[in-house]
Amino acid sequence: MIKRGDVVMLYFDSKRKFIVEVEPGSTLHTDMGVVELGELIGKDYGCRLKTHLGIEFVVVRPALWQVVYLGFKRKTQVLYPKDVGYMLLMSSISPGSRVVEAGVGSGFLTAFLASIVRPNGKVYAYDISPTYIKLATTNLKKANLIGYVCLKQKDITQGIDERDIDAVVLDMPTPWLVTEHAFNSLRNGGIFIAFVPTVNQLERTVLVLREKGFIEIEAVENIQRTYKVKKGETRPRNIVIAHTGYIIVAQKP
Ligand SMILES: C[S@@+](CC[C@H](N)C(=O)[O-])C[C@H]1O[C@@H](n2cnc3c(N)ncnc32)[C@H](O)[C@@H]1O
């Protein structure tokens, strides 16, 4: 049953879908009319909600990736699902893990990290910018994940406070300046991951990781194509995301 404060998805078609918080008196204005969100309280997921023009949305309990990519505000570059997926896999984190992350930015990656380490793990999430800490706080509250994150307004190149950490995950401009702090912070077998948009940053980071004694150092680029599926005419879509960045993975021996 839908409760006050629930975050739900109103779905019409793949282009018209909205992540909204159910509050009495709040409305959503769309190109298909206005809906009263309070009407949903006490109804079941899967019900229909009519706009004042009589057009119906189906009400769906959203997946986390829908809450993040449709519902989060973004003021920074954010990581794409194809990169997030690989980073989560390689980080090897699970419920109970303790993870250090920087920078938080809009909190997209933070949300996925938090969803894995809950209920008893923690993401220690660093960002130098108070604006982005505030933005990420709002976004993580929307996904009900703020309780698993400790947000820190701090320059991670100046040091990492936590010890015995399972993974250090970076999406900030100078990961090579964090390698020594990461080495000191990680437990034996812990994973270092950095996402960088240029090969210059990739090379610099890998060379420093080797110098610091990390093992299993790999650099990868994930390329993904999506498909337009139509009977007898199925083929890759014309438009692709040509470039996002590179992922560097290493392990503390
Ligand atoms: C591209 S954004 C991260 C986006 C984030 N991964 C997401 O998916 O929403 C990069 C962030 O790194 C932060 N940053 C840059 N240098 C930093 C540093 N030395 N320590 C901590 N954060 C830093 C910036 O303020 C910015 O918010």
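This is a short tour of one protein model, with a suggestion at each stop for what to select next.

**Stop 1: the whole protein**

Keep in mind that you are looking at a predicted model. Show all the C-alpha atoms: along the principal axes they fill a box of roughly 65 × 45 × 30 Å. Switch to a cartoon view, and you can look for six helices and 15 strands. The protein has 253 residues, and 36% of them count as buried. Take the contacts between residues at least 6 apart in sequence: 61% of these join residues at least 24 apart.

**Stop 2: two domains**

Colour residues 7-62 in one colour and residues 67-251 in another; these are domain 1 and domain 2. The centres of the two domains, taken over C-alpha atoms, are separated by 32 Å. How many residues of each domain are in contact with the other? Four residues of domain 1 are in contact with four residues of domain 2. On the domain 1 side, the touching residues are three nonpolar and one charged, with no polar ones.

**Stop 3: the four-stranded sheet**

Select strands β2, β1, β6 and β5, in that order: these four strands form an open sheet with antiparallel pairing. The edges are β2 (17-21) and β5 (48-50), each of which pairs on one side only. Neighbouring strands of this sheet are turned by 35 degrees against each other on average, direction ignored.

Now zoom in on β1 (residues 7-11) and β6 (residues 56-60), an antiparallel pair held over three bridges. Here you can find Met9 standing opposite Val60 in β6.

Stay in β6 and click on Val59, which is found in this strand. Is Val59 buried or exposed? It counts as buried, because it has 24 C-beta neighbours inside 10 Å. Leaving aside residues up to four places away in sequence, Val59 touches Val8, Leu10, Leu40, Tyr45, Gly46, Cys47 and Leu49. Try a distance label too: the C-alpha atoms of Val59 and Phe12 are separated by 9.2 Å, although these residues are 47 apart along the chain.

Before moving on, add helix α1 (residues 64-71), which lies across β1 and β2 and runs at about 95 degrees to β2.

**Stop 4: the seven-stranded sheet**

Next, select β9, β8, β7, β10, β11, β15 and β12. In this order, the seven strands form an open sheet, and the pairing is mixed. Its edge strands are β9 (149-153) and β12 (215-220), each pairing on one side only. On average, neighbouring strands of this sheet are turned by 15 degrees against each other, direction ignored.

Two pairs show what mixed pairing looks like. β7 and β8 pair in the parallel sense over five bridges, and the bridge partner of Val99 in β8 is Val123. By contrast, β11 (residues 186-196) and β15 (residues 246-251) pair in the antiparallel sense over six bridges. There, the bridge partner of Ala194 in β15 is Ile248.

Look again at β7 (residues 98-102). Five of its five residues are buried, so this strand is largely enclosed by the rest of the structure. Turn on the side chains: Arg98, Val100 and Ala102 point one way from β7, while Val99 and Glu101 point the other way.

Then bring in two helices. Helix α2 (residues 81-91) lies across β10 (165-170), β11 and β15, running at about 165 degrees to β11. Helix α4 (residues 130-142) lies across β8 and β9, and runs at about 165 degrees to β9.

**Stop 5: the ligand and helix α3**

Finally, centre the view on the ligand. Which residues come nearest to the ligand? Of the 23 residues around it, the nearest are Gly103, Gly105, Ser106, Phe108 and Asp171. The elements that give two or more residues to this shell are α3 (108-117) and β8 (122-127). By class, the shell divides into twelve nonpolar, eight polar and three charged residues.

Select α3 to end the tour. Eight of its ten residues are buried, so the helix is largely enclosed by the rest of the structure. To see them, pick Phe108, Leu109, Thr110, Ala111, Phe112, Leu113, Ala114 and Val117. Phe108 links both parts of this stop: it is one of the residues that come nearest to the ligand, and it is among the buried residues of α3.

Definitions and conventions
Residues numbered from 1 in each chain as written. Predicted model: local features only at pLDDT ≥ 70, side-chain atom pairs only at ≥ 80, totals over all residues. Near = placed C-beta within 6 Å. Nonpolar A, V, L, I, M, F, W, Y, C, P; charged D, E, K, R; others polar. Pairing = 2+ DSSP bridges. Axes fitted to C-alpha atoms, helices over the stretch in contact; angles between N-to-C directions. Contact = placed C-beta atoms within 7 Å. Domains from an automatic or database assignment. Buried ≥ 20, exposed ≤ 12 C-beta atoms within 10 Å, placed from the backbone.
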